[in-house]
Amino acid sequence: MDFSEILSIAGKPGLYKVVSRTKNGIIVESIIDQKRFTAFSNERISSLEEISVFTEDEDMPLKDVLKSFYEKNDGKASIDHKSDNAKLKTVFEEAVPDYDKERVYVSDIKKIIQWYNLLAEKKMLDFKEEEEKT
């Protein structure tokens with residue numbers, strides 16, 4: 001799975017797939033409801049490829065965090081992102097044991113779990129290609 005084609009747009013819920021590029025933006029499609037719109041270059045857009053999580057040693061790419069969740073849950077969805085904060089922290093710590101507890105907030109954990117569940121539900125998590133390359 002190419003995480004550079006999956007985007008998070010600040011202020012908009014969910015994740016988006018890149019459909020096409022325009023002169024001053026990107027045409028994206030919501031993974032949730034498949035609605036398309038143009039995301040302009042002045043919006044804060046991040047691909048999942050460039051997001052990472054603070055750990056005690058060095059930052060861990062989001063791809064590795066999602067892979068850890070995938071392996072821990074056998075490809076199925078994790079707990080609901082609206083669960084109790086303590087439970088969310090426990091589940092996140094099982095997947096990423098050395099995450100920096102001072103710099104990774106509960107809101108970050110909720111967002112990552114929500115993204116994982118969305119990608120797992122839509123069967124967009126496929127780490128087999130990656131394993132074959134290595």
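Mentor: A residue is called buried when its relative accessible area is under 20%, exposed when that area is over 50%, and partly exposed in between. Please keep in mind, as we go on, that this is a predicted model.

Trainee: Why is glutamate 93 called partly exposed?

Mentor: Glutamate 93 has a relative accessible area of 34%, and because this value is neither under 20% nor over 50%, the residue falls in between. Its salt-bridge partner, lysine 101, counts as partly exposed too, at 44% relative accessibility.

Trainee: What makes lysine 101 and glutamate 93 a salt bridge?

Mentor: The closest N and O atoms of lysine 101 and glutamate 93 are 3.4 Å apart, and a salt bridge requires a side-chain nitrogen of Lys or Arg within 4 Å of a carboxyl oxygen of Asp or Glu, so the pair qualifies. A search of the whole structure finds eight salt bridges.

Trainee: How do you know that arginine 21 and glutamate 5 form a salt bridge?

Mentor: Their closest N and O atoms lie 3.9 Å apart, which is within 4 Å, and therefore this pair is counted as well. It links distant parts of the chain, since arginine 21 is in strand β2 and glutamate 5 is in the segment before β1, 16 residues apart. Arginine 21 has 55% relative accessibility, and because this is over 50% it counts as exposed, whereas glutamate 5, with a relative accessible area of 29%, is partly exposed.

Trainee: Is aspartate 100 buried or exposed, and why?

Mentor: Aspartate 100 stands at 13% relative accessibility, and because this is under 20% it counts as buried. Aspartate 100 forms a salt bridge with arginine 103, the closest N and O atoms being 3.1 Å apart, while arginine 103 itself is partly exposed at 40%.

Trainee: Why does methionine 124 count as buried?

Mentor: Methionine 124 has 16% relative accessibility, which is under 20%, so it counts as buried. Its place is in the loop between α3 and α4, and, leaving aside its neighbours within four places in sequence, methionine 124 is in contact with Met1, Ile6, Lys17, Ile31 and Leu119.

Trainee: What makes β2 and β3 a pair of strands?

Mentor: Two strands pair if at least two bridges are found between them, and because β2 and β3 have six bridges, in the antiparallel sense, they meet that condition. In this pairing serine 20 stands opposite isoleucine 27, and a hairpin joins the two strands through two residues.

Trainee: How do you know that β3 and β4 pair?

Mentor: Five bridges join these antiparallel strands, where at least two are needed, so they count as paired. The bridge partner of glycine 25 is phenylalanine 40 in β4. As for β3 itself, five of its six residues are buried.

Trainee: Which residues have the most contacts inside the largest nonpolar core?

Mentor: They are Phe69, Phe92 and Leu119, in a core of 28 residues. Helices α1, α2 and α3 each supply at least two residues of this core, and the largest share, eight residues, comes from α3. Apart from this core lies another, of seven residues, among them Val18, Ile26, Val28 and Ala39.

Key. Residues are numbered from 1 along each chain as its sequence is written. This is a predicted model: local features need pLDDT of at least 70, side-chain atom pairs count only at pLDDT 80 or more; totals for chains, interfaces and linings use all residues. Side-chain values use heavy atoms; hydrogens and water are left out. Buried means under 20% relative accessible area, exposed over 50%, partly exposed in between (1.4 Å probe, protein chains only). Helices (H or I, at least four residues) and strands (E, at least two) are DSSP runs, numbered from the N terminus. A nonpolar core is a set of buried Ala, Val, Leu, Ile, Met, Phe, Trp, Tyr and Cys residues joined through side-chain atoms within 4.5 Å. Contact means heavy atoms within 4.5 Å.
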